[in-house]
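Got your viewer open? Let's walk through the empty spaces and a few backbone oddities, one selection at a time.

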Amino acid sequence: MVDLHRQYLRLKPEIDQAMQNVIDSCSFINGPQVRSFSSHLSEYLDVPHVIPCGNGTDALQIALMSLNLMPGDEVIVPAFTYVAAAEVIALLGLIPVWVDVEEDTFNINPYQIEAAISPKTKALIVVHLFGQSCPMEIIRQIAEQNHLYVIEDNAQSLGAECIYTDGQRRKTGTIGHIGTTSFFPSKPLACYGDGGAVITSDDRLAERIRMIANHGQIKKYHHKIIGCNSRLDTLQAAVLEAKLPHINEFAEARQRVAQAYDEALGNDPRWEIPQRTTYSTHVFHQYTLRIKDGKRDALQSYLKEHDIPSMVYYPLPLHRQEAFYGLARNGSVLPHAENLTQAVLSLPIHSEMTEEEIGYIIETIKHFES
């Protein structure tokens, strides 16, 4: 689904030198590369505070911890997404509230958010799924009207832009009260292990987030609040620093692959290609088809026979996961979350794909006999 080795070979001199600098300095914990990467990512996102941490799940947990929520408070979350967004809610004694997504964009339905709000609702987590922004302009309006915190899970869409009705553009992850992201090896900006970051424009929240990620301390051995230990490794920061100047180039390469898929597969009645919205750019962390007539598993098996990888993101909606039984409530009926788990199939898409590889995938899919 991705080719990290080919990308590494293309950027090898930059990455090798960056990692060698860390090894030579032996500043393996909170080295200068961590601060430098944080500063440069802040500039790229045009946001004052980027606080690196250990991984994307930690970023979500730290974001929630910073809001001073109480056990029993409710947090709205889409039912069709990766488990991390809901997992951290439950870990903190909060109540996940499931809402449905839009069938064509896969992102949270803002009108379902509004219907799910109760007196216990204090926050919502929106997930910019597969590389495209949620409708943040209306989501922020709903949140402000109901005095809710907004956390953006931007692990899959770093670099995407939300486009407002007045033409203003904002990078995803910078629009809510707090944004989070992951640098997992398959992500739009990827390191060679685990890594994450918390993003905010709020000075007060930024100070609290920094404390939480560092054992709740402002200075060493003086612990003001209960925190955790979540750091971005200096070696990983060095890799990210080397790759950050290429982030738009990576996205443009994936967009070219998506365009080729669109042109070749867009008029086939056997599936629906990913919808583009008018309010977002798309960085294509995934290229996800909706396969019709229950043929998804047959197509996936067919692709496997022809040595083409594919993935189902996600095979079970969160409200059907055993771990959450008795811990959550449904804020809406969830037909799209249910149906998508039976229909979605993601094709290979990454920055190193060749024309020959793209062509082979397309021609193979076209010859699928459904």
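A cavity here is a set of grid points where a 1.4 Å probe fits but cannot get out. Keep in mind as you click around that this is a predicted model.

**Stop 1: the closed spaces**

The structure holds two cavities of 30 Å³ or more. Begin with the largest cavity, at about 170 Å³. Its lining has 18 residues, and to get to the centre you can select V2, Q7, S186, K187 and R254, which are the closest to it. Colour α1 (4–25) and α9 (247–265) too, as these are the elements that give two or more residues to this lining. By class, the lining of the largest cavity splits into eight nonpolar, five polar and five charged residues.

Now hop to the second largest cavity, with a volume of about 50 Å³. Select D104, T105, F106, L129, F130, Q132, P274, Q275, H282, Q286 and T288, and you have its lining. That set contains four nonpolar residues, six polar ones and one charged.

**Stop 2: the largest pocket**

Time for the open spaces. The largest pocket has a volume of about 580 Å³. Pick Y82, Q156, F184, K187 and Y314, which lie nearest its centre among the 30 lining residues. The elements giving two or more residues to that lining are α3 (56–65) and β8 (178–182), and α3 gives the most, with three. Colour the lining of the largest pocket by class and you should get 16 nonpolar, 11 polar and three charged residues.

While Y314 is selected, look at the peptide bond between Y313 and Y314: this one is cis, with omega at about 20°. Y314 sits in the loop between α10 (296–305) and β14 (329–330).

**Stop 3: α3 and the core**

Go back to α3 and show its surface. Is this helix mostly covered or mostly open? Mostly covered: seven of its 10 residues are buried, namely G56, A59, L60, I62, A63, L64 and M65. At the start of α3, zoom in on N55, where a side-chain oxygen comes to within 3.1 Å of the backbone nitrogen of T57.

From α3, step to L64, which is, together with F80, I125 and Y261, among the residues with the most contacts inside the largest nonpolar core, a set of 69 residues. Then centre on I125. Leaving out residues up to four places away in sequence, I125 touches L60, L64, V75, I76, V77, P78, A85, I89, I108, I151 and D153.

**Stop 4: the second largest pocket**

Next, select N30, V34, I51, P52 and R210, which lie nearest the centre of the second largest pocket, itself lined by 16 residues. The elements that give two or more residues here are α2 (32–45), β1 (49–53) and α7 (203–213). The largest share, five residues, comes from α2. About 410 Å³ of space lies in this pocket, and its lining has seven nonpolar, six polar and three charged residues.

**Stop 5: two positive phi angles**

Finish with two loop residues. Which phi does H147 have? A positive one, about 55°, although H147 is not a glycine. H147 lies in the loop between α6 (136–145) and β5 (149–153), and is exposed, with a relative accessible area of 71%.

Last selection: D293, in the loop between β13 (287–291) and α10. D293 also has a positive phi, about 60°, without being a glycine, and is exposed, with a relative accessible area of 70%.

Conventions. Residues are numbered from 1 along each chain as its sequence is written. This is a predicted model: local features need pLDDT of at least 70, side-chain atom pairs count only at pLDDT 80 or more; totals for chains, interfaces and linings use all residues. Side-chain values use heavy atoms; hydrogens and water are left out. On a 1 Å grid over the protein atoms alone, a cavity is a set of points where a 1.4 Å probe fits but cannot get out, and a pocket is an open set with protein on both sides within 12 Å along at least five of seven lines; lining residues have an atom within 4 Å of a point. Grid points are joined across faces, edges and corners, and a volume is the space filled by probe spheres set on the points. Helices (H or I, at least four residues) and strands (E, at least two) are DSSP runs, numbered from the N terminus. Ala, Val, Leu, Ile, Met, Phe, Trp, Tyr, Cys and Pro count as nonpolar, Asp, Glu, Lys and Arg as charged, and the others, Gly among them, as polar. Buried means under 20% relative accessible area, exposed over 50%, partly exposed in between (1.4 Å probe, protein chains only). A polar contact is a pair of N or O atoms within 3.5 Å; within protein, one must be able to donate a hydrogen and the other to accept it, and residues adjacent in sequence count only if both atoms are side-chain atoms. A nonpolar core is a set of buried Ala, Val, Leu, Ile, Met, Phe, Trp, Tyr and Cys residues joined through side-chain atoms within 4.5 Å. Contact means heavy atoms within 4.5 Å.
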